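Colleague: Could you take me through one part of this model up close, strand by strand? I'd like the sheet in the later part of the chain, and then whatever else stands out around it.

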Amino acid sequence: MTMFKYQHIIRSAASLLLALACVITTGCKSDDDDNGGSTKPEAAKVKVINVDVILPKTIQQQWQNSIDWAMTNIERAQVGLSRQVKLNLRYHDEDTENLEQLAYRLTTPEEGDDTCHAIIGPYHSNHAQTLLNYAAQRRVPVVMPTCTSSELQRIHARSTYAWFLTESDITQCEMMLSVARSGKADVALIYSDDTYGKSFEDWFGYYATEFRLNVAGEGQMKYTKGKSIDAFLQNIDEDSNSKNLMLCVAVSDPADYADIQKQLYNYLMKRFEEAEAAGENTAELRDIVPIFANTSCDDAFISQCGEGDFVVGITPSGSLDYGFPQAYHATYGRRPHNGEAQVYDALCIIALGAYYQMISPDECLVNGEQVVYSKKPYEAGLTDYMRSVVSRDGYNTGWEDTQLHVGFECLFLENDFALHGATGSLDFDEQTYTKVLNTTYMLWQPTKGSNGKTDIEPIVYMSTAGTSSQASTTNIWEQEKRWIQDNFEAGSDPELPELTDNWAVIISPSTTWANYRHQADAFAMYQLLTEAGYDEDHIVLIVEDNLANDERNKYPGKIYINAIEDESDLDFDQREGAVVDYHFSQITRDDVADIMLGRQSDRLPKVIHSTENSNVFFFWSGHGGSREGPLWGNEDASEYFGTQRIHDIVEQMGHEFKYRRMMFAIETCFSGNWGVALQGLPNVLAITAANTRETSDADVHDKTLGVFLSNAFARTFRNEVGRLNTITIYDLYKELARTTVGSHVSLYNQDHYGSVYTNTMQEFFPYK
């Protein structure tokens with residue numbers, strides 16, 4: 001019907017996205033040379049690897065083409081090799097199996113049982129934690145093609161056995177809203193009440209704010225099966241300020257998309273009929289365009305969609321640059337389903353890892369370093385050999401049989417290679433090499449396939465980085481930056497005085513041995529600042545400084561933030577060279593104000609002497625309470641430092657021209673309370689380890705000392721800034737959010753600071 005004018009909105013958005021990228025490459029990279037022949041050598045030694053595939057029966061059927069294709073190419077790739085691996089796939093129905101019992105049975109086999117070497121699956125993020133809990137005991141690799149929950153990925157950020165082959169839904173949320181930004185639409189969200197929907201609930205508001213999108217009406221609705229959405233649709237429809245309204249829908253069950261689509265259709269039909277009966281111009285009705293998340297790319301749902309229905313979806317895809325989607329379509333006459341490219345890569349990585357383990361049982365190098373564990377099992381396992389395969393850099397290989405053959409030969413000859421797969425370049429995180437860093441997404445709509453069945457038609461391919469065939473959301477950010485500069489609205493960079501010097505205040509109110517990590521992180525931040533070029537007299541360090549000489553310290557005089565694995569780790573003493581200006585027990589809360597405001601006295605000889613040309617960095621590491629965040633003391637402290645107090649200090653500094661810009665990095669439970677308190681103050685930014693309602697967890701534990709040595713927030717902050725001081729504030733924040741386990745890192749007051757996409761940490765960590 002002509003009332004549904006959504007296509008011009010999506011096409012307009014897609015045109016803009018493609019204008020920011022190069023023309024889509026339709027050719028498929030291939031190599032017709034066979035190189036290996038077709039007869040398996042009789043003398044070949046074959047090792048069988050049991051791979052348990054845990055998927056819903058319907059998903060297994062949808063993925064079978066990619067699974068069979070990968071298995072065939074893995075076998076062909078090993079032709080002519082004297083030793084070979086064979087993957088023995090054993091299927092389990094995710095919807096009907098008792099996953100608790102299955103996970104236990106696979107990871108703790110009884111005598112005589114076939115060992116489970118690797119697991120592929122599950123399909124749903126909601127089921128993954130059960131498998132991962134049991135897999136941890138033996139570090140059985142769990143390779144998850146489609147588990148995209150940001151919370152799940154954050155919890156397992158440092159697990160060497162948890163493999164995520166698609167970026168988290170933080171990125172998918174970014175992709176969906178970049179389409180809305182390009183289409184100049186208001187936005188709203190419907191999400192499911194489960195682990196999957198939680199990612200969208202957490203990140204929708206953030207990206208809407210950063211893209212400067214108007215969130216219509218109530219903005220978000222938590223959906224449960226069968227729930228009416230009419231009242232929500234009416235609310236966002238009436239509140240929208242734009243001619244176009246994009247409704248993002250992220251639910252885990254494909255059947256729920258059909259229900260939501262039907263309800264939206266009925267709502268629009270009723271609205272159209274009422275407007276027509278009233279003699280209104282129906283062409284002026286607001287377009288409500290749904291964009292469905294990756295779980296909608298399901299045969300059961302797509303088959304219900306007619307060509308031209310008002311359905312638009314987004315799903316992870318194979319990489320056009322490496323030819324998988326084109327080759328798949330040419331071979332099978334349809335587009336790959338959600339997760340098919342990822343399961344193809346999963347099988348290839350497992351096969352290559354198992355082959356390397358077979359030919360090199362005593363040496364497993366990940367990024368050039370031998371894998372050794374401090375607890376049982378001490379030796380490297382299959383997951384580590386898989387990590388070794390993806391951590392390499394050298395000759396480029398691909399996903400086809402002849403290119404995979406090169407990978408197997410390189411392993412045999414001990415030559416390096418860079419594994420490129422169906423999903424693309426297979427770049428993994430440098431901490432564990434188990435979390436993929438770049439995913440291609442396809443924006444699609446229904447169409448009639450060559451077989452007469454409903455298929456999906458690509459509108460545009462997107463990724464954060466962008467390539468010759470993909471639109472880039474990074475370019476969207478650049479467009480946004482130019483738009484801000486042209487319009488000079490809130491959030492753009494203000495005119496600031498010249499930066500001439502940097503000052504820092506570091507505080508840890510913790511004084512007990514059990515709270516070792518707080519002082520350790522404070523000392524480590526001191527070291528990072530001195531490495532960045534700060535003179536000692538430009539840093540005020542306030543800690544009790546009673547750890548180094550504590551009788552329980554097995555390393556007298558020294559403080560560490562990383563577990564001691566061997567003698568070389570003893571070189572990284574955080575106490576060495578640090579100048580402690582005040583013991584915590586010697587100062588009061590009022591003293592902090594005097595130090596910040598430069599009120600020097602006999603009692604406080606060391607203060608900061610900042611001016612309007614100074615950037616001031618403030619780091620606090622300790623405990624916090626639910627009412628006002630940071631506590632003045634240990635976890636049993638009866639006093640808060642005070643949200644109003646910190647606000648007043650910074651406000652007074654502004655009145656007295658004591659800073660050019662200020663950045664707060666607060667590592668406590670409920671630290672978001674300080675972020676809220678600093679809202680509205682000019683040129684001030686706060687990054688907190690938790691929001692206003694959350695605790696913040698410890699991170700690195702050392703058995704020798706019997707304490708936690710660091711927190712995840714401080715560790716990632718140090719690692720990222722220490723690695724690249726020109727990292728943008730946004731990229732630092734995003735990495736902190738993804739890797740800090742147990743709490744949501746939060747960013748506050750960016751609208752009064754300037755662009756977090758263009759301003760970097762170099763302003764506070766200059767590395768002179």
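Modeller: Six strands make up an open sheet here, in the order S19-S18-S20-S23-S24-S27, and the pairing is mixed. Keep in mind that this is a predicted model. S19 and S27 (746-748) sit at the edges with a single partner strand each, so one side of each has no neighbour in the sheet. From one strand to the next, the twist averages 10°. As for what holds such an arrangement together, strands of a sheet pair through backbone hydrogen bonds, either parallel or antiparallel.

Let's settle on S18, which covers residues 501-507. This strand is mostly covered, with seven of its seven residues buried. Look at how the side chains alternate: Asp-501, Trp-503, Val-505 and Ile-507 point one way, while Asn-502, Ala-504 and Ile-506 point the other way. Both sets are buried, and they include Asp-501 and Asn-502 along with Val-505 and Ile-506.

Now for the neighbours of S18. On one hand there's S20 (residues 614-621), which runs parallel to S18 and is joined to it by seven bridges. If you want to find the register by eye, start with Asp-501, which stands opposite Ser-614 in S20. Then step along to Asn-502, whose bridge partner in S20 is Asn-615.

On the other hand there's S19 (residues 539-542), and S18 pairs with S19 in the parallel sense too, over four bridges. Val-505 has Val-540 as its bridge partner in S19, and Ile-507 has Ile-542. To get from S18 to S19, the chain passes through helix H16 (residues 516-531), making a right-handed β-α-β crossover. S19 has its own alternation: Ile-539 and Leu-541 point one way, Val-540 and Ile-542 the other way, and all of them are buried. So the edge strand, which lacks a neighbour on one side in the sheet, still has Ile-539, Val-540, Leu-541 and Ile-542 buried.

Moving on towards S23, have a look at helix H18 (residues 643-655), where you'll find Met-653. Met-653 is buried, at a relative accessible area of 0%. Its C-alpha atom is 7.7 Å from that of Met-596, although the two residues are 57 apart along the chain. Carry on into the loop between H18 and strand S23 (661-667) and you meet Phe-657. Phe-657 is exposed, with a relative accessible area of 54%, where the cut-off is over 50%. The backbone is worth a glance as well: phi of Phe-657 is near 55°, a positive value in a residue other than glycine. For context, most residues other than glycine have a negative phi, and most peptide bonds are trans.

Asn-749 also has a positive phi, near 75°. You'll find Asn-749 in the segment after S27. At 3% relative accessibility, Asn-749 counts as buried, whereas Phe-657 is exposed.

While you're at that end of the chain, check helices H20 (residues 712-723) and H21 (residues 729-739), which pack at an angle of about 140° with their axes 9 Å apart. H20 and H21 are therefore oblique to each other, and their crossing is right-handed.

For a counterpart, turn to the other open sheet, where five strands in the order S2-S1-S3-S4-S5 pair in parallel. Its edge strands are S2 (83-93) and S5 (162-164), each pairing on one side only. Neighbouring strands in this sheet are turned by 25° against each other on average, direction ignored. Within the sheet, S3 (residues 118-120) and S4 (residues 142-144) pair in the parallel sense over two bridges, and Ile-120 stands opposite Val-143 in S4.

Just after S3, stop at the peptide bond from Gly-121 to Pro-122: it's cis, with omega near 0°. Pro-122 belongs to the loop between S3 and H4. Helix H4 itself (residues 125-138) bends by about 30° at Leu-132. Leu-132 is also one of the buried residues of H4, alongside Ser-125, Ala-128, Leu-131, Tyr-134 and Ala-135. Right after H4 comes Arg-139, whose phi is positive, near 55°.

Technical notes. Residues are numbered from 1 along each chain as its sequence is written. This is a predicted model: local features need pLDDT of at least 70, side-chain atom pairs count only at pLDDT 80 or more; totals for chains, interfaces and linings use all residues. Side-chain values use heavy atoms; hydrogens and water are left out. Buried means under 20% relative accessible area, exposed over 50%, partly exposed in between (1.4 Å probe, protein chains only). Two strands pair if DSSP finds at least two bridges between them. A crossover is right-handed if, with the strands pointing away from the viewer, the path from the first strand over the helix to the second runs clockwise. The bend at a residue is the angle between axes fitted to the seven residues ending there and the seven starting there. Axes are lines fitted to C-alpha atoms, for helices over the stretch in contact, and angles run from 0 to 180 degrees between N-to-C directions. Angles under 35 degrees count as roughly parallel, over 145 as roughly antiparallel, 65 to 115 as roughly perpendicular and the rest as oblique. A crossing is left-handed if the near helix is turned anticlockwise from the far one by less than a right angle, and right-handed if clockwise.
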